[in-house]
Amino acid sequence: MATATEAEAMRRAIALASRALGSTSPNPVVGCVVLDAQGRTAGEGWHRRAGGPHAEVAALRAAAEAGHDVRGGTAVVTLEPCNHTGRTGPCAQALVDAGIARVVYAVADPNPTASGGAATLAAAGVRTEGGLLADEAAAGNAAWLTSVLHGRPFVTWKYAATLDGRSAAADGTSRWITSAASRADVHRLRAEADAVVVGSGTLRADDPHLAVRGGVLDEREVTQPLRVVVTTDAAVAPGARVLDDAAPTLIAVAEDADARHLAPAGTVRLPRAADGTGLDVRALLAALHARGVCSVLLEGGPTLAGAFLAAGAVDRVVGYLAPALLGAGPAALGHAGIGTVAETLRLDVTDVTRLGPDLRITATPRTTTATPAPAFAPTATATEEI
């Protein structure tokens with residue numbers, strides 16, 4: 001059974017892993033703490049980006065650079081050590097070679113390409129134990145786990161509204177409903193996502209930039225997310241800010257749209273939705289998954305948000321509520337396929353935080369009234385840890 005020291009080390013490993021959110025896809029975020037034979041912290045590490053050293057290797061290197069002997073020690077890691085060679089070698093073997101005597105991990109690796117590390121360790125005489133703080137570690141890796149297990153990105157719908165649920169005034173103006181503190185927090189969400197998605201309505205009304213402002217996060221380098229514009233008829237003005245070179249951009253258009261004015265390399269053609277309005281949300285998510293996107297931040301307006309909810313494609317809701325009233329203007333959410341109170345999509349609130357004068361409420365759907373998106377067949381580029 002894991003010790004209190006190992007539990008404390010796992011909490012630290014989970015915190016370390018979170019530093020790389022938005023930077024490791026299609027790989028998971030992983031943190032590792034190596035304890036020496038006396039139970040003292042010898043080294044720490046986390047997987048910073050795909051293709052770079054994995055958390056276990058980074059922690060072992062840190063221990064070696066500090067002059068600590070880890071032989072007979074314990075490695076505490078948020079995910080079962082990988083067991084295959086991609087752009088880096090297998091972490092299970094690296095731990096064996098370092099003389100680690102015990103490995104405690106939180107979540108078993110569900111990726112068949114990389115799993116089996118615990119068995120390899122056990123075969124080499126290393127004592128292993130899984131499941132320590134598994135729920136906490138899984139929550140931190142929700143995007144990658146959703147990608148591997150369900151073949152689609154994890155979707156967070158973010159919105160800002162007044163207390164009476166208005167996302168803009170009657171004349172269409174919306175800047176700024178919430179405070180500077182809330183807007184800064186949105187940049188954190190963007191930094192933790194692989195892609196930020198908006199619709200043509202938001203593009204016309206706000207001309208958003210969607211890139212992450214520099215210096216948002218102090219502890220790590222920010223990887224700019226892919227900016228995705230969903231516009232059925234390819235309605236993107238030549239001077240739109242999302243077309244600059246601050247971050248990559250993908251324009252999703254209908255299969256029959258005239259998109260000759262857009263760069264082909266930055267365009268994806270998708271089928272229209274079954275009801276004829278907008279694009280097929282599931283097809284969009286499949287296209288993003290094929291590009292290695294594990295996490296999506298949906299910043300679109302009420303129409304696009306309603307389409308995602310109707311498709312059962314929202315995994316988390318983050319609402320920024322300003323202590324203000326408008327009385328008229330567009331609601332934060334449009335038609336979502338919900339016709340009666342009995343069909344209400346109920347949420348479980350997981351966090352409430354005060355940001356300046358605003359409240360940030362985080363919640364997850366209990367169930368969905370729509371048919372969940374199918375589990376698309378995983379591809380190596382989208383799910384393999386490399």
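**Exercise 1. How many residues of strand β9 (residues 249-254) are buried?**

*Solution.* The structure is a predicted model, in which local features need pLDDT of at least 70 and side-chain atom pairs count only at pLDDT 80 or more, while totals for chains, interfaces and linings use all residues. Residues are numbered from 1 along each chain as its sequence is written, and side-chain values use heavy atoms, with hydrogens and water left out.

Step 1. Fix the terms: helices (H or I, at least four residues) and strands (E, at least two) are DSSP runs numbered from the N terminus. Buried means under 20% relative accessible area, exposed over 50%, and partly exposed in between, with a 1.4 Å probe and protein chains only.

Step 2. Apply them: 6 of the 6 residues of β9 are buried, so this strand is largely enclosed by the rest of the structure.

Step 3. Identify the neighbours, given that two strands pair if DSSP finds at least two bridges between them. β8 and β9 are parallel and share 4 bridges; here V230 has A252 as its bridge partner in β9. Strand β10 (residues 267-270) also runs parallel to β9, joined to it by 4 bridges, and R269 of β10 stands opposite V253.

**Exercise 2. Determine the strand order of the open sheet and locate helix α1 (residues 4-18) on it.**

*Solution.* Step 1. The sheet is open, with 5 strands in the order β2-β1-β3-β4-β5 and mixed pairing. Because β2 (41-46) and β5 (127-130) are at the edges with a single partner strand each, one side of each has no neighbour in the sheet. From one strand to the next, the twist averages 15°.

Step 2. Strand β1 (residues 31-35) pairs with β2 in the antiparallel sense over 5 bridges, and L35 is opposite T41 in β2.

Step 3. Helix α1 packs on this sheet and touches β1, β2, β3 (74-79) and β4 (102-107), where contact means heavy atoms within 4.5 Å. The direction of α1 makes about 145° with that of β1; axes are lines fitted to C-alpha atoms, for helices over the stretch in contact, and angles run from 0 to 180 degrees between N-to-C directions.

**Exercise 3. Describe the burial and the ends of helices α9 (residues 281-290) and α10 (residues 302-310).**

*Solution.* Step 1. In α9, 7 of the 10 residues are buried, so the helix is largely enclosed by the rest of the structure. Among them are V281, L284 and L288.

Step 2. At the N-terminal end, D280 caps α9 through a side-chain oxygen 2.9 Å from the backbone nitrogen of R282. G292, which follows α9, has a positive phi near 85°.

Step 3. The buried residues of α10 include L304, A305, G306, F308 and L309. Their cover includes β6 (154-162), β7 (195-199), β8 (226-230), α9 and β11 (295-298). Just after α10, G312 has a positive phi of about 65°.

**Exercise 4. Is D109 buried or exposed, and where does its side chain reach?**

*Solution.* Step 1. D109 is located in the loop between β4 and α4 (117-123).

Step 2. Its relative accessibility is 7%, so D109 counts as buried.

Step 3. The D109 side chain reaches the backbone nitrogen of N111 at 2.8 Å.

Terms used:
Polar contact = N/O pair within 3.5 Å; in protein donor to acceptor, adjacent residues only side chain to side chain.
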